[in-house]
Amino acid sequence: MASSDREVLKMEQGGHGAPSGYHVPNSEEEDTGGCTTCCGYLLIFFSWILMFLTFPFCLCAAIKIVQEYERAVIFRMGRLAPGGAKGPGLFFILPCLDEIKVVDQRTISFDVPPQEVLSKDSVTVTVDAVVYFRVFNPVMSVINVQNYQASTRLLAATTLRNILGTKTLAEMLSHRDSVSAEMQESLDTGTDPWGVKVERVEIKDVRLPLQLQRAMAAEAEASREARAKVIAAEGEQNASRALKEAADIISESPSALQLRYLQTLNTISAEKNSTIIFPLPIDMLSGFAGGKGSKM
């Protein structure tokens, strides 16, 4: 990123700087190309004369306006004009010699087409994402790449497949934020020579095969049933302990058993049913039970 900034600074200051990968003529080469330079100055001179002769009609072709969110890259006789990108606002060009390329610097978003990815644990999934990017250097976006938008789209699809191919299915489903951040960093590094800044990457959906969905659903259902059985068994165990403690307390006090007997009768009589109850004293029942025990 630092080297790119230095290159842009050179362009803006002298107009002779160029991004890495492009040839910058030195003083010796400029001396050998003196004839070309003279021809260029001659063409510029004739262009000014033409503008003077056709004034004010030439203003329609010489005055250009770009919006606040746009920048204009000017090529004069095929070479980058000094001063770098122009705008926003009004600026002048030389008719017949200058060609302008207008670059939009607003954030652009696009959907990455669904990609079939083989995960690290050999599971085939279909993943799609959305990418947000913007142009931070109009000169590099015009000089270094033919179509920065199409190139960014293709690189995003390739990066999505490459990064998700190193992740397991569990990581794709549970660590989407880290996967998105890793993809954003990789994309930003790849698009930096194009003057493009990737601001955000979000994974929209991870679609699994139908058979795998059924298998995962069956596994989750079996796991829930196993946990439910364990919880029910623990509840019965706790209930049996409580009943045992209650029975020990009631057996120590006959009056407590009588009160419990009356409470049960009250509960049964409160309901509207056809049950007929014949209450008997507890002493009679206990005596009857004691008589049977003596006979035996």
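Helices and strands in this report are runs assigned by DSSP and numbered from the N terminus, a helix having at least four residues and a strand at least two. The model described here is a predicted one.

**Loops and unusual backbone geometry**

By that numbering, Ser122 falls in the loop between β6 and β7. Ser122 has a positive phi of about 60° although it is not a glycine, and with a relative accessible area of 59% this residue is exposed. Met77, which is likewise not a glycine, has a positive phi of about 55° and is placed in the loop between β2 and β3. Its relative accessibility is 36%, so Met77 counts as partly exposed. Such values merit mention because most residues other than glycine have a negative phi, and most peptide bonds are trans. A further feature of the backbone is the cis peptide bond that joins Gly87 and Pro88, with omega at about 0°; Pro88 itself is in the loop between β3 (79-80) and β4 (89-92).

The table sets out the two residues with positive phi beside two strand residues treated further on.

| Residue | Location | Relative accessible area |
|---|---|---|
| Met77 | loop between β2 and β3 | 36%, partly exposed |
| Ser122 | loop between β6 and β7 | 59%, exposed |
| Gln115 | strand β6 | 10%, buried |
| Tyr132 | strand β7 | 32%, partly exposed |

**The open sheet around β2**

An open sheet of three strands is arranged in the order β3-β2-β5, with antiparallel pairing. The edges of this sheet are taken by β3 and β5 (98-104), each of which has a single partner strand, so one side of each is left without a neighbour in the sheet. Seven bridges join β2 to β5, and Glu70 has Asp104 in β5 as its bridge partner. Two bridges join β2 to β3, where Phe75 is partnered by Leu80 of β3. The strands β2 and β3 form a hairpin with two residues between them, and Met77, with its positive phi, is in the turn. Six of the seven residues of β2 are buried, so this strand is largely enclosed by the rest of the structure.

**The nonpolar core**

The largest nonpolar core has 35 residues, of which Val112, Val125, Val131, Tyr148 and Leu164 touch the most other members. At least two residues of this core are supplied by each of β2 (70-76), β6, β7, α6 (148-164), α7 (169-174), α8 (176-191) and β8 (196-207). For Val125, setting aside residues up to four places away in sequence, the contacts are Gln115, Glu116, Val117, Leu169, Met172, Val206, Arg207 and Leu208.

**Aromatic and cationic contacts**

How many aromatic pairs does a search of the whole structure find? There is one, formed by Phe110 and Phe133 in an edge-to-face arrangement, with 5.7 Å from centre to centre and 70° between the planes. The pair links distant parts of the chain, since Phe110 belongs to strand β6 (residues 108-118) and Phe133 to strand β7 (residues 124-135), and the two are 23 residues apart. Both Phe110 and Phe133 are buried. Elsewhere, Arg106 lies over the face of Tyr69, at 3.8 Å from the ring centre.

**Gln115 and Tyr132**

Is Gln115, a residue of strand β6, buried or exposed? The relative accessibility of Gln115 is 10%, and because buried means under 20%, this polar-contact-forming residue counts as buried. The side chain of Gln115 is joined to that of Arg161 by a polar contact of 2.4 Å. Beyond residues up to four places away in sequence, Gln115 touches Val125, Thr126, Val127, Ala157, Leu160 and Arg161.

Tyr132, in strand β7, has a relative accessible area of 32% and is therefore partly exposed. The C-alpha atoms of Tyr132 and Val198 are separated by 6.1 Å, although these residues are 66 residues apart along the chain. When neighbours within four places in sequence are left aside, the contacts of Tyr132 are with Thr107, Ile108, Ser109, Lys197, Val198, Glu199 and Arg200.

Note on methods:
Residues numbered from 1 in each chain as written. Predicted model: local features only at pLDDT ≥ 70, side-chain atom pairs only at ≥ 80, totals over all residues. Heavy atoms only, no water. Phe/Tyr/Trp six-rings, centres within 6.5 Å; stacked < 30°, edge-to-face > 60°. Buried < 20%, exposed > 50% of the residue type's maximum accessible area, 1.4 Å probe, protein only. Lys NZ or Arg CZ within 6 Å of the ring centre and 35° of its normal. Polar contact = N/O pair within 3.5 Å; in protein donor to acceptor, adjacent residues only side chain to side chain. Contact = heavy atoms within 4.5 Å. Core = buried A, V, L, I, M, F, W, Y, C linked by side-chain atoms within 4.5 Å. Pairing = 2+ DSSP bridges.
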